[in-house]
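User: I would like to go through this model with a few questions. Please keep the answers short and end each on the value or name I ask for.

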Amino acid sequence: MARVAVDDERAFAELVRRFQGRVTNLISRVLNDRECADDLAQEVFVRVFVHRRNYRHGAKLSTWVFTIAANLAKNEIRRRVRRRNWFSLDALQELLSDSAIQLADPTEGREVTLEREQLQGAVGRAIATVPEKYRLALVLRDIEGLAYEEIATVLGIPGGTVRSRINRARSMLKRKLQPLLGRAGTS
Amino acid sequence: MICVQARRLFGACWDDEITQAERESLEAHFAACASCREEYDAYSRALELLTTLPRVEPAPDLVERALARSRRTAPAPDRVGARAVPWVPVTATAALVAVAFTLVSPWLMTRNSPIALRPGITQAPVAQPELRQPSDLAGAPSKTAVPGARGASLSRPGVAADPLAAVPDSLFDHSEDVEFVLDPMTLHRGRPANVRVGGSVQGQQATITF
């Protein structure tokens with residue numbers, strides 16, 4: 001990062017290569033939108049470059065990059081909520097409610113050939129229906145594998161709050177995935 | 001252990017952050033409570049599903065696009081910035097200088113002043129120039145002219161008549177060797193009035209305003 005701060009382009013390219021997979025995966029899982037994830041991942045690295053001199057030496061680089069990614073993902077979720085709210089207030093209420101949106105039938109309206117892909121798609125959608133503040137903590141912990149302390153830094157909240165949010169998100173996810181758990185067990 | 005306590009430990013158990021005693025207690029509860037056992041199984045399978053999700057691969061040209069956009073973007077200003085000016089030492093130094101100047105300035109002023117000599121210090125006698133005669137004004141050098149004086153310093157060898165020698169002595173600056181002695185007198189506000197001082201001296205009272 002010190003080399004990036006002094007405009008070393010090769011160092012910056014190396015940084016992008018190192019984190020692009022995790023950043024794209026994080027955003028994609030939080031938004032459940034692959035195309036948008038690519039654009040936002042690019043935006044994450046542009047912001048890393050723009051704010052490279054504000055990086056505090058000694059801080060964990062991955063935590064800093066994830067913080068930027070999480071903030072951009074949150075902004076995108078809120079932008080979508082506002083856009084949806086413009087057309088339908090009910091839609092906003094549904095989105096913010098952890099139980100209003102039921103998991104859609106994974107086979108409904110989609111032509112998928114493998115049951116595994118159906119299951120993965122359904123899980124992705126289930127994650128996307130978890131309210132934002134729980135969803136980010138859940139993805140950072142159970143998909144990206146960050147420690148609780150790192151998640152607290154990324155989200156800017158106390159460690160205890162991180163734990164309670166993750167527990168709550170896991171319970172929500174279990175409820176949403178309940179219809180699929182039998183299939184998952186047999187497949 | 002009751003069911004509520006057992007279910008509170010689900011998260012820590014999944015993260016493997018419970019003590020051995022807690023784990024044994026939880027296992028004992030599961031053996032006795034089928035409902036909690038099923039709940040934990042469902043909880044575990046749901047979280048296992050998350051781990052089976054494939055990694056989303058980044059776009060192949062992400063590095064190039066990020067580099068291209070970064071080149072066009074100016075860096076944000078450094079929020080840390082330069083180190084702030086240490087105002088306390090600067091202020092303290094300025095205060096010290098001010099105090100020192102206040103203490104020294106009276107001494108400097110008395111040293112430069114020709115009229116107020118400090119006690120114990122004698123002033124070298126200054127030769128008072130005699131009144132010039134009309135012949136002096138015609139160009140003859142003054143008898144009291146001292147080497148290094150203004151007129152002499154400007155004179156050049158071979159030049160018979162110094163042009164400055166013709167200038168009346170009163171036009172030169174004598175501030176350094178003229179004493180101003182204020183006689184005690186009474187100043188009254190109001191219109192000028194004739195005042196008789198002593199027996200024969202008569203003058204007009206003046207009000208001086210600075």
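User: What share of the residues of chain A count as buried?

Analyst: This is a predicted model. A residue is buried if 20 or more other C-beta atoms lie within 10 Å of its own. Of the 187 residues of chain A, the share that passes this cut-off is 36%.

User: How many helices and how many strands does the secondary structure of chain A have?

Analyst: Read from the N terminus on, the elements of chain A run α-α-α-α-α-α-α-α-α. Among the contacts in chain A with a separation of 6 or more, 61% are between residues 24 or more positions apart. The secondary structure comes to nine helices and zero strands.

User: Why is α7(A) described as largely enclosed by the rest of the structure?

Analyst: Helix α7 of chain A covers residues 132-143 and reaches 15 Å from its first C-alpha to its last, close to the 16 Å expected. Its buried residues include Tyr134(A), Arg135(A), Leu136(A) and Asp142(A). Just after the helix, Gly145(A) takes a positive phi of about 75°. The helix is largely enclosed because the buried residues number ten of the twelve.

User: Which elements give two or more residues to the side of chain B that touches chain A?

Analyst: The contact takes 38 residues from chain A and 27 residues from chain B. The elements of chain B that give two or more residues to its side are α4 (34-52) and α5 (62-71).

User: How many nonpolar, polar and charged residues are on the side of chain B that touches chain A?

Analyst: That side of the contact has 27 residues from chain B. Sorted by class, they are 17 nonpolar, three polar and seven charged.

User: Are α2(A) and α5(B) parallel, perpendicular or oblique to each other?

Analyst: Helix α2 of chain A spans residues 9-31, and its axis comes within 10 Å of that of α5(B). The two axes cross at roughly 135°. Angles over 145 degrees count as roughly antiparallel and those from 65 to 115 as roughly perpendicular, and α2(A) and α5(B) are therefore oblique.

User: Is the crossing of α2(A) and α5(B) left-handed or right-handed, and which residues of α5(B) make the contact?

Analyst: α2(A) passes α5(B) in a right-handed crossing. From α2(A), the contact is made by Glu9(A), Phe12(A), Ala13(A), Val16(A), Arg17(A) and Gln20(A). By class, this contact has seven nonpolar, two polar and two charged residues. From α5(B), the residues are Leu62(B), Val63(B), Ala66(B), Leu67(B) and Ser70(B).

Notes:
Residues numbered from 1 in each chain as written. Chains lettered and ligands numbered in written order. Predicted model: local features only at pLDDT ≥ 70, side-chain atom pairs only at ≥ 80, totals over all residues. Contact = placed C-beta atoms within 7 Å. Helix = DSSP H or I, 4+ residues; strand = E, 2+ residues; numbered from the N terminus. Nonpolar A, V, L, I, M, F, W, Y, C, P; charged D, E, K, R; others polar. Expected span 1.5 Å × (residues − 1). Axes fitted to C-alpha atoms, helices over the stretch in contact; angles between N-to-C directions. Parallel < 35°, antiparallel > 145°, perpendicular 65-115°, else oblique. Left-handed = near helix turned anticlockwise from the far one by under 90°.
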